[in-house]
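Trainee: I would like to learn how to read a sheet and a core from a model. Can we go through one together?

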Amino acid sequence: MFSTDPSGLAALERWLLPGACLLCDEATGPGDPLICALCRRRWRRLPEPRCGRCAQPRRLDLPCRICRDWSEGLEWVRSGVWLDDGARRTVHALKYDGWWRVTDAMVEPMAAEVAGTGEWLVVPVPLSPRRRRRRGYNQAARLAEALARRMGWQWRDDLLHRIRETPTQTALTPQARAANLAGAFRAESGAGDRRVLLVDDVFTTGATLIAAAVALELAGAVAVAGVTFARALEPLAG
């Protein structure tokens with residue numbers, strides 16, 4: 001069984017992929033990040049102006065179509081970058097290929113989005129037990145750990161549980177996503193009186209974060225917000 005110690009993982013990764021960017025195969029430079037500086041600069045931040053609650057870019061002074069029907073339990077959501085090709089390949093490297101240390105690069109834009117918002121207890125969106133066993137880990141937990149370490153906050157991966165297996169969300173409409181996830185999460189009492197920051201890899205419609213926020217609110221959390229690495233490009237978001 002491999003150690004999950006970050007220094008041990010870094011040494012193993014350097015042996016498997018010595019100094020090469022996962023996206024472009026060029027040398028990564030000082031510090032041996034898994035994503036080189038040029039590829040990180042190619043990630044596209046969400047432009048201003050944005051919706052004050054869900055951070056979706058806005059073009060006109062019209063009601064936001066993303067969060068207009070959200071419940072009150074989720075205060076706000078932020079996303080680091082658009083889910084274009086480079087960001088998608090980065091998510092896949094973490095989610096399917098096991099490159100955990102890629103989270104060090106992924107949390108850079110996430111940290112910029114939540115800086116100055118106060119201190120939070122960082123909690124990952126959980127996988128179902130079956131999917132976690134099949135994958136071997138939860139990619140959101142790896143992101144939550146890296147973000148908490150960067151910000152100097154606490155994190156817990158035992159406060160929120162997915163208690164109902166749900167079909168994949170990929171082909172569902174926003175309304176179907178919300179129905180699919182209703183009652184899918186349960187939160188422990190340790191979330192009581194805490195400000196909880198939910199972490200996930202990709203934001204599409206917000207249905208997953210809303211369902212998780214409802215569970216945390218029922219467990220006594222005084223505030224719940226969310227942050228993701230990437231956000232689905234606007235045609236896919238509603």
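Mentor: We take the sheet, then the helix across it, then the cores; the model is predicted.

Trainee: What is the strand order in the open sheet, and which pairing does it have?

Mentor: Read the order from one edge to the other. Here four strands run S1-S6-S5-S2, with parallel pairing. From one strand to the next, the twist averages 25 degrees.

Trainee: Why is one side of S1 and of S2 left without a neighbour in the sheet?

Mentor: S1 (77-82) and S2 (121-124) are at the edges and have a single partner strand each, so one side of each lacks a neighbour in the sheet. For S1, pairing with S6 (residues 223-231) is parallel and covers five bridges. Within S6, arginine 231 is the bridge partner of tryptophan 82.

Trainee: Which strands does helix H6 lie across?

Mentor: H6 (residues 139-151) lies across S2, S5 (195-203) and S6, and runs at about 125 degrees to S5.

Trainee: Which residues of the largest nonpolar core touch the most other members?

Mentor: In this core of 38 residues, they are Ile35, Trp43, Met110, Leu147, Leu197, Val199 and Phe229. Two or more residues come from each of H3 (85-95), H4 (103-114), H6, S5 and S6. H4 gives the largest share, six residues.

Trainee: What does leucine 147 touch, not counting residues up to four places away in sequence?

Mentor: Leucine 147 touches Val107, Met110, Ala111, Leu197, Val199 and Val227. There is also a second, separate core of 30 residues, with Ala187, Ile210, Ala215 and Leu216 among them.

Definitions and conventions. Residues numbered from 1 in each chain as written. Predicted model: local features only at pLDDT ≥ 70, side-chain atom pairs only at ≥ 80, totals over all residues. Heavy atoms only, no water. Pairing = 2+ DSSP bridges. Axes fitted to C-alpha atoms, helices over the stretch in contact; angles between N-to-C directions. Contact = heavy atoms within 4.5 Å. Core = buried A, V, L, I, M, F, W, Y, C linked by side-chain atoms within 4.5 Å. Buried < 20%, exposed > 50% of the residue type's maximum accessible area, 1.4 Å probe, protein only.
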